[in-house]
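User: I would like a close look at one loop of this protein and at what surrounds it. Please take me through it residue by residue, then widen the view.

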Amino acid sequence: MQPIQPIQPNRPMRPMKSVFVLVHSPSVGPSTWHPVAEHLTAAGHRVRVPSLPRLDTGAPPFWPRIADAVRDDLRQVPAGTPVTLVAHSNAGLFLPVIRSGLEHPVAGSVFVDAALPARTGSTPVAPPELLEFLRPMAVDGRLPRWTDWWDEADVAPMFPDPAVRRTVVEEQPTLPLSYYEQRIPVPDGWDDHPCSYLLFGPPYDDLADEARTRGWPVAHLPGAHLHQTVDPAGTARHLLELTTTM
């Protein structure tokens, strides 16, 4: 007769690690996130960098195409796996509709030097003062590439070297002005999960202040708007710290 083994207490299950989903701005391309993805992967995390559709063609609304692209990319992630959404710049406005279209639970959202969606209703992609700046640039309804909007003195510090700059510039679409004239719906309760903000610098400091008023953790990694290409290790470290806080 086999001796009776004592019943072992149930051990709590370790929570499943979420997959980082790094969403680039529609104004640029996925290469802006690739260096950070490499650092997160090296640290043992799973990462997806969806390639958003180029919006050079087609008519508004554009937001369904962006939400669909992220959802389709995540079909490669097993159902039920939690994800952490990370949006840079203009992509922040799309996180509510991205989240509402996902089949995966969202463990958290991080806005990186990003525009913030409204809490309810809808969000304009561009405020009136930005539209006033953009409209004279449009030719036949189409805008220059994003890096062509600014002086060289503003653009050059955003890149760590000429090779990275060349890659990012070549990926940029020439967006229609109508992209910036659209409003993006904001599903109710989109922010009922942990959210946080990573600030690089002006002019996004006001948005970081807004994130604080919403009760979100805010971190600051000083740099220009594409600082994730300059300091991917520091950006990855801050993402991990913010998601641990959440």
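Analyst: Start with Arg-145, which sits in the loop between helix H4 (128-134) and helix H5 (152-155). This is a predicted model. Arg-145 counts as partly exposed, because its relative accessibility is 29%. Partly exposed here is the range between under 20% for buried and over 50% for exposed.

What does Arg-145 contact, once neighbours within four places in sequence are left aside? The partners are Val-169, Gln-172, Pro-173 and Thr-174. Take Thr-174 from that list. Thr-174 is 29 residues from Arg-145 along the chain, yet their C-alpha atoms are separated by 5.0 Å.

Asp-140 is found in this loop too, between H4 and H5. Its phi is near 55°, a positive value in a residue other than glycine. Most residues other than glycine have a negative phi. Is Asp-140 buried or exposed? Asp-140 counts as exposed because its relative accessibility is 82%.

Asp-113 makes a useful comparison. Asp-113 also has a positive phi without being glycine, near 45°. Its place is in the loop between strand E4 (106-112) and strand E5 (121-124). Asp-113 has a relative accessible area of 1%, so it is buried. So the two aspartates with positive phi have opposite labels: Asp-113 is buried, whereas Asp-140 is exposed.

Next, the aromatic side chains. One aromatic cluster is formed by Phe-62, Phe-94, Phe-133, Trp-149, Trp-150, Tyr-179 and Tyr-180. The count of aromatic pairs in the model comes to ten. Among them is the pair of Phe-94 and Tyr-179, which is stacked, at 6.3 Å centre to centre with 25° between the planes. This pair links distant parts of the chain. Phe-94 lies in the loop between strand E3 (83-88) and helix H3 (95-100), while Tyr-179 is in helix H7 (residues 177-181), 85 residues apart. Both rings belong to buried residues, Phe-94 and Tyr-179.

Tyr-179 also pairs with Tyr-180. That pair is edge-to-face, with 4.7 Å between centres and 90° between planes. Tyr-179 is buried because its relative accessibility is 0%. Tyr-180 has a relative accessible area of 4%, so it is buried as well.

Two peptide bonds deserve a check by eye. The bond from Pro-60 to Pro-61 is cis, with omega near 5°. Pro-61 lies in the loop between strand E2 (47-48) and helix H2 (63-73). Pro-202 and Pro-203 are joined by a cis peptide bond too, with omega about 5°. Pro-203 lies in the loop between strand E7 (195-199) and helix H8 (205-213). Most peptide bonds are trans.

Now the whole chain. The protein chain has ten helices and eight strands. Its radius of gyration is 20 Å, which agrees with the value near 18 Å for a compact globule, because the chain has 246 residues. The C-alpha trace spans about 90 × 40 × 35 Å along its principal axes. Of the 246 residues, 48% count as buried. The chain exposes about 12,100 Å², with carbon and sulfur atoms supplying 55% of that area.

Contacts across the sequence are also worth a number. Among contacts with a separation of 6 or more, 74% come from residues 24 or more positions apart. The contact between Arg-145 and Thr-174, 29 residues apart, is one example. As for charge, the chain has 20 positive and 27 negative charges, and their mean positions are 9 Å apart.

Definitions and conventions: Residues are numbered from 1 along each chain as its sequence is written. This is a predicted model: local features need pLDDT of at least 70, side-chain atom pairs count only at pLDDT 80 or more; totals for chains, interfaces and linings use all residues. Side-chain values use heavy atoms; hydrogens and water are left out. Helices (H or I, at least four residues) and strands (E, at least two) are DSSP runs, numbered from the N terminus. The radius of gyration is taken over C-alpha atoms; the globule rule is 2.2 Å times the number of residues to the power 0.38. Buried means under 20% relative accessible area, exposed over 50%, partly exposed in between (1.4 Å probe, protein chains only). Contact means heavy atoms within 4.5 Å. Accessible areas come from the Shrake-Rupley method with a 1.4 Å probe; for residues, only the protein chains shown count as cover. Lys and Arg count as positive and Asp and Glu as negative; His and the chain ends are not counted. The place of a charge is taken as NZ of Lys, CZ of Arg, CG of Asp or CD of Glu. Rings of Phe, Tyr and Trp (its six-membered ring) pair if their centres lie within 6.5 Å; planes under 30 degrees apart count as stacked, over 60 as edge-to-face and the rest as tilted.
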